[in-house]
Amino acid sequence: PSKRARMEGSSKGKEPVRSSDILEPGEIEGEKKIQHDIGDDFIPFEVGDDEDTVGHREQLDRRQKGKEPEREWDKGKLVGEGRSRGTKRKHDDLSDDDGRPHRRTEWPISRSAPWVNDVDWDSCRNVAEMLHREVEAFVKYISPSPVEDEIRSLTVTLVSRVIRSAFPDARILPFGSYETKLYLPDGDIDLVVDSESMAHSNKVHVLYHLANTIKRAGITSKFTVIAKAKVPIIKFVTNYGRLNVDISINQGNGVTAGKVINGFLQNMRGCGSALRSLVLVVKAFLNQRGMNEVYTGGLGSYSIVCLAISFLQMHPKIRRGEINAEKNLGVLVMEFFELYGHHFNCEEVGISIRDGGAYFSKRQRGWYDSMKSNLLSLEDPIDPTNDISKGSYGIAKVRQTFAGAYDIMQANAFLQAGILDSRREVCDYPLRRHYDPGDLSILSKILGVTRETINNRRLVQEVYDDKTLHHLLGIPDAPT
């Protein structure tokens with residue numbers, strides 16, 4: 001009997017419904033859903049609905065159909081509006097919500113490329129020069145301005161003063177991207193508190209005492225204490241400038257790592273600017289895709305910097321002195337994406353940046369894991385026994401994204417080369433009176449500046465103009 005007859009018969013009790021895995025002639029097997037046992041430490045990249053969001057959407061649907069009266073505070077809400085959708089990081093932490101926005105790991109609705117207006121496209125002789133100047137313009141735009149750096153410095157001073165009022169023996173030391181000045185406009189301020197008195201007390205109690213001290217001082221309204229992480233920290237957003245701050249206790253590794261990175265930035269002869277440019281481009285690229293945090297499987301800031309250092313150390317033309325890295329930033333960005341996206345053998349090869357840089361066999365080092373053979377292995381320059389990227393379990397997706405970026409940039413590079421050739425031969429005819437500088441951009445095809453970034457910068461500028469932090473710290477206004 002046909003499928004239809006069997007289905008009808010089953011409803012009358014004549015024949016049981018056939019198993020869904022038996023196909024009728026001519027049927028195409030659909031994609032089966034695979035059920036995974038998701039543990040507490042598994043955070044998928046995909047975005048899904050949580051139970052509250054689904055319930056909220058059902059309520060809105062009922063109100064639209066007239067089945068449920070609309071509440072006063074819901075008037076004007078759009079269907080689906082409410083709490084943002086997205087996966088949550090699961091941990092057993094005791095927390096007081098720090099007020100940080102939980103962004104979806106999707107592309108923003110609108111992106112802009114304000115740096116393209118600062119590029120002198122007409123004087124570029126070839127595509128390599130176009131991309132080099134565009135990378136220079138992007139790095140100049142995205143780098144911390146003197147105002148942003150001063151506001152962050154004043155924030156560190158204010159937090160340090162409050163902490164020392166409760167723990168007189170405490171030393172507050174900045175580290176991470178704030179210390180190396182490789183932070184993005186929405187980057188965190190990482191601080192470590194070095195205190196002998198804290199070392200002899202219960203760490204969880206100390207974290208909460210410290211967090212409440214900062215809250216009572218008016219620096220923040222909400223905080224989160226992540227007490228059961230490998231490195232327990234306090235996370236909060238400042239009331240002045242909405243800056244993200246992370247504080248840990250008696251953890252000296254971060255400070256040492258910052259000194260090592262600053263040493264590479266200052267001592268990589270002929271490559272200091274290239275290293276800085278590579279790091280900022282890659283960090284912005286991953287940040288906009290939600291792939292810049294280790295706990296979501298992405299690459300952390302320290303790993304990104306070490307990857308960029310190794311890339312420059314092992315680049316054959318740079319090693320032979322055939323190219324000037326400072327004059328070929330665009331080409332280096334493309335080759336970075338090409339190497340780690342298409343060619344690097346993560347399964348067999350590990351990376352070291354010690355003593356001028358080298359590759360090593362993961363099997364000989366004992367770092368090869370047959371169950372996790374596709375993971376990236378990066379030797380910690382401070383501790384050679386530590387693999388700093390072993391927690392980046394989503395590296396396959398990161399590499400796939402790198403490969404896609406290279407392919408997009410290569411396609412657009414060929415397109416711009418054809419445009420330049422046609423202009424030289426006077427074979428082009430403009431269809432518009434004015435051209436958009438963004439039409440010649442290659443970098444903007446893979447990253448952009450979000451409205452959130454622009455608004456954050458304006459907010460920091462307002463704090464600076466109002467001299468709010470200056471007055472709190474008793475800093476007199478500069479004479480005009």
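Phe336 and Phe402 are both buried in this predicted model. Being buried here means having under 20% relative accessible area. Phe336 belongs to helix H12, while Phe402 belongs to helix H14, which spans residues 395–424. The two residues are 66 positions apart, and their pairing links distant parts of the chain. Their rings form an edge-to-face aromatic pair, with 5.8 Å from centre to centre and 70° between the planes.

Phe336 also takes part in a wider grouping. Ring pairs join it into a cluster with Phe285, Phe311, Phe337, Tyr340, Phe344, Tyr359 and Phe402. In the whole structure, a search finds 13 aromatic pairs. A pair of this kind is described by the distance of the ring centres and the angle of the planes.

Another of these pairs is made by Trp115 and Phe138. The centres of their rings are 4.9 Å apart and the planes meet at 80°, so this pair is edge-to-face; the cut-off for that label is an angle over 60 degrees. Trp115 sits in the loop between strand E1 (111–112) and helix H3, whereas Phe138 lies in H3 itself. With their positions 23 residues apart in the numbering, this pair too links distant parts of the chain. Trp115 has 0% relative accessibility and therefore counts as buried. Phe138, at 1% relative accessibility, counts as buried as well.

Helix H3, which holds Phe138, leads back to helix H12, which holds Phe336. H3 covers residues 127–142 and H12 covers residues 329–343. How do these two helices pack against each other? Their axes are 6 Å apart and form an angle of about 90°. Because of that angle, H3 is roughly perpendicular to H12. On the H3 side, the residues that meet H12 are Ala128, Leu131, His132, Val135 and Glu136. On the H12 side, they are Leu329, Gly330, Val331, Val333 and Met334. Seven residues of this contact are nonpolar, two are polar and one is charged.

These helices and strand E1 belong to a protein with 16 helices and nine strands. The protein has 480 residues, and 43% of them are buried. Among contacts with a separation of 6 or more, 68% are between residues 24 or more positions apart. The accessible surface comes to about 27,000 Å², and carbon and sulfur atoms account for 51% of that area.

Key
Residues numbered from 1 in each chain as written. Predicted model: local features only at pLDDT ≥ 70, side-chain atom pairs only at ≥ 80, totals over all residues. Heavy atoms only, no water. Helix = DSSP H or I, 4+ residues; strand = E, 2+ residues; numbered from the N terminus. Buried < 20%, exposed > 50% of the residue type's maximum accessible area, 1.4 Å probe, protein only. Contact = heavy atoms within 4.5 Å. Areas by Shrake-Rupley, 256 points an atom, 1.4 Å probe, with all protein chains shown as cover. Axes fitted to C-alpha atoms, helices over the stretch in contact; angles between N-to-C directions. Parallel < 35°, antiparallel > 145°, perpendicular 65-115°, else oblique. Nonpolar A, V, L, I, M, F, W, Y, C, P; charged D, E, K, R; others polar. Phe/Tyr/Trp six-rings, centres within 6.5 Å; stacked < 30°, edge-to-face > 60°.
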